[in-house]
Amino acid sequence: MAEFMTGLKRSHYCGDLRITDVGNEVTVCGWVQRQRDLGQLIFIDLRDRTGIVQLAFNDTTDKEVFEKAFSARSEYVLCAKGIVRERSSKTDKVATGDIEIEVTDLRVLSKAQTPPFEIVDDCKTSEDIRLKYRYLDLRRKPLFDNLYLRSKIAKVARDYFYENGFIEIETPMLIKSTPEGARDYLVPSRIHNGKFYALPQSPQIYKQLLMLSGFDRYIQLAKCFRDEDLRADRQPEFTQIDMELSFVDVEDILEINEGLFKRLFKDVLGQELKTPFERMTYADAMNKYGSDKPDVRFDMQIQDLSTLVKDCGFKVFTDAIANGGSVRAIVAKNAASTLTRKEIDKLTEFVRGIGAKGLAFVRWVEDTPSCSFSKFMAEGELENILSTLNAQKGDVVLIVADKDSITLPTLGALRLNVAKKLDIIPDVFKFVWIVDFPFFEQDAESGEWIAMHHPFTMPKEECLEFLDSDPSKVIAKAYDLTLNGTELSSGSIRITDYELQQKMFKALKLTDEEIEAKFGFLVEAYKYGAPPHGGMGIGLDRIAMILCKCDSLRDVTAFPKVQNASELMSDCPSFVDKESLDVLSIAIKESDQQ
């Protein structure tokens with residue numbers, strides 16, 4: 001039967017005790033990490049969020065206290081009172097390794113069954129099992145440290161923005177469904193039968209309205225929701241450090257956010273960041289790295305061979321160019337020994353899996369390079385290619401030929417794949433601002449021009465003349481911040497001119513009815529005096545993931561979803577009873593409940 005802490009009150013955390021506490025009476029509480037029964041001696045490693053301390057029991061210990069220690073098992077919850085003494089056998093494996101507590105009073109506050117896996121730092125149990133028992137997994141120090149660091153990031157961010165004149169304002173969680181690039185999570189209304197709320201993909205419209213309301217600088221650690229396919233750096237619900245500023249332009253927003261990251265790295269990691277961060281246009285990012293979130297910690301830039309091979313004898317190259325595409329390559333330096341023919345075959349399958357038709361290569365091991373297309377090359381053509389690429393003996397050249405929409409992202413993904421195989425990515429932090437995004441992108445299926453960001457993004461003034469004649473030339477006042485190949489944030493300067501906003505809607509082929517239905521209240525607000533403003537949202541989860549050097553957002557999220565957007569611990573989503581659905585006038589097909 002569990003005991004109470006009557007007469008006892010925790011005085012110290014387990015991991016905080018040191019040699020300077022010797023002789024002091026202390027009371028600690030926590031979970032049993034390990035119990036060691038040596039007959040007349042019993043040792044218990046007691047664990048709380050700060051660390052572990054050793055409890056000691058011997059033949060001089062009160063008999064009842066000794067029996068409780070004897071019965072203690074892994075994950076029992078204990079409260080122990082005693083005198084701190086110097087350990088006879090010290091250890092440097094824990095911070096409290098110089099001392100132990102000679103226990104005079106012990107309470108068993110809660111007993112525990114044998115857990116389904118051992119609560120240790122280097123747990124080998126499968127992630128699915130650990131997620132099912134997430135409350136146990138969270139007892140492990142690596143996960144605790146990750147969530148603690150995430151908490152520090154949130155605090156530093158709030159402090160920084162408060163100091164810079166921002167006001168924290170909460171925006172609604174139940175909102176009108178508006179298009180923002182992903183599917184909405186919908187919430188049925190009981191009162192308004194047949195109508196639905198949406199959970200916000202971002203507070204975009206509300207924070208713009210706050211600028212129109214005169215708040216000038218808004219900040220919120222906003223919960224956002226997107227019903228989209230998951231991956232390692234994506235969860236259906238995530239937290240955004242969301243901001244909006246009035247009477248600013250692009251430079252002001254970039255500067256305030258560089259200041260935030262400078263502060264974050266100093267206060268959280270103790271590192272000094274050099275600012276300003278590197279800037280790169282969207283066009284350069286795609287052409288050099290095949291990605292709008294380039295990892296610039298290593299080189300291996302994409303190079304265009306189109307001009308060089310447009311008249312060669314290799315039909316794969318010439319056809320790609322004739323059809324408006326290009327031939328591009330990356331050079332993996334000193335990679336010939338690692339990228340064997342077998343490995344290159346795997347890379348070929350990799351690029352086919354992401355949309356490319358194949359992979360041409362030159363592998364230079366011997367004096368004469370091995371080339372997958374050499375028989376189609378005239379004398380001197382292969383040498384020209386290698387010379388142009390600055391490829392040398394020991395290098396591997398990987399080439400893709402297709403439309404740019406395939407060639408560039410394929411080589412971008414291949415570049416990262418190869419760099420990981422070669423283990424050439426240094427352990428450093430490299431920020432890059434991506435600027436000058438196209439305002440429009442062409443839908444692959446319909447051919448229609450759609451907004452790359454959202455329809456409230458301000459185009460550059462010098463591009464307005466192309467709105468009707470050539471949408472591909474319209475550049476947006478939009479910017480993304482990337483870190484080590486991960487997009488951390490996205491933002492833009494907003495349109496505040498009513499007539500220009502209407503023109504942008506028309507360019508996106510939205511009808512008056514669609515404009516009114518989706519954005520009517522915002523458009524109406526523009527009629528009453530809107531300050532120039534802009535903002536951005538920074539992924540708090542992604543910052544934590546990178547700073548913790550984790551591979552997945554699940555490692556920095558307390559109760560995450562898995563790839564099919566379910567939570568293994570609580571088994572959600574789940575069916576609800578018919579009565580609850582009847583109140584909402586919702587019927588579920590029997591086939592959907594199987």
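This report describes salt bridges in a predicted model.

A search of the whole structure finds 46 salt bridges. Three pairs are set out below, with the separation of their N and O atoms.

| Acidic residue | Basic residue | N to O separation |
|---|---|---|
| Glu 3 | Lys 68 | 2.7 Å |
| Glu 244 | Arg 494 | 2.8 Å |
| Asp 367 | Lys 393 | 3.0 Å |

Glu 3 and Lys 68 form a salt bridge. Glu 3 sits in the segment before strand S1 (25-37) and Lys 68 in helix H1 (residues 63-71), so the contact ties together parts that are 65 residues apart in sequence. Glu 3 counts as partly exposed, because its relative accessibility is 25%. Lys 68, at 15% relative accessibility, counts as buried.

Glu 244 also takes part in a salt bridge, with Arg 494 as its partner. Strand S10 (residues 237-246) holds Glu 244, while Arg 494 lies in the loop between strand S21 (486-493) and helix H13 (498-507), so this pair ties together parts that are 250 residues apart in sequence. Both Glu 244 and Arg 494 are buried.

In the salt bridge between Asp 367 and Lys 393, both residues lie in loops. Asp 367 is in the loop between strand S14 (360-363) and strand S15 (370-371), and Lys 393 is in the loop between helix H11 (381-389) and strand S16 (396-402). The pair links distant parts of the chain, 26 residues apart. Asp 367 is exposed, with a relative accessible area of 64%, whereas Lys 393 is partly exposed at 46%.

Salt bridges that share partners also join Arg 130, Arg 134, Asp 137 and Arg 140 into one network.

Methods
Residues numbered from 1 in each chain as written. Predicted model: local features only at pLDDT ≥ 70, side-chain atom pairs only at ≥ 80, totals over all residues. Heavy atoms only, no water. Salt bridge = Lys/Arg side-chain N within 4 Å of Asp/Glu carboxyl O. Helix = DSSP H or I, 4+ residues; strand = E, 2+ residues; numbered from the N terminus. Buried < 20%, exposed > 50% of the residue type's maximum accessible area, 1.4 Å probe, protein only.
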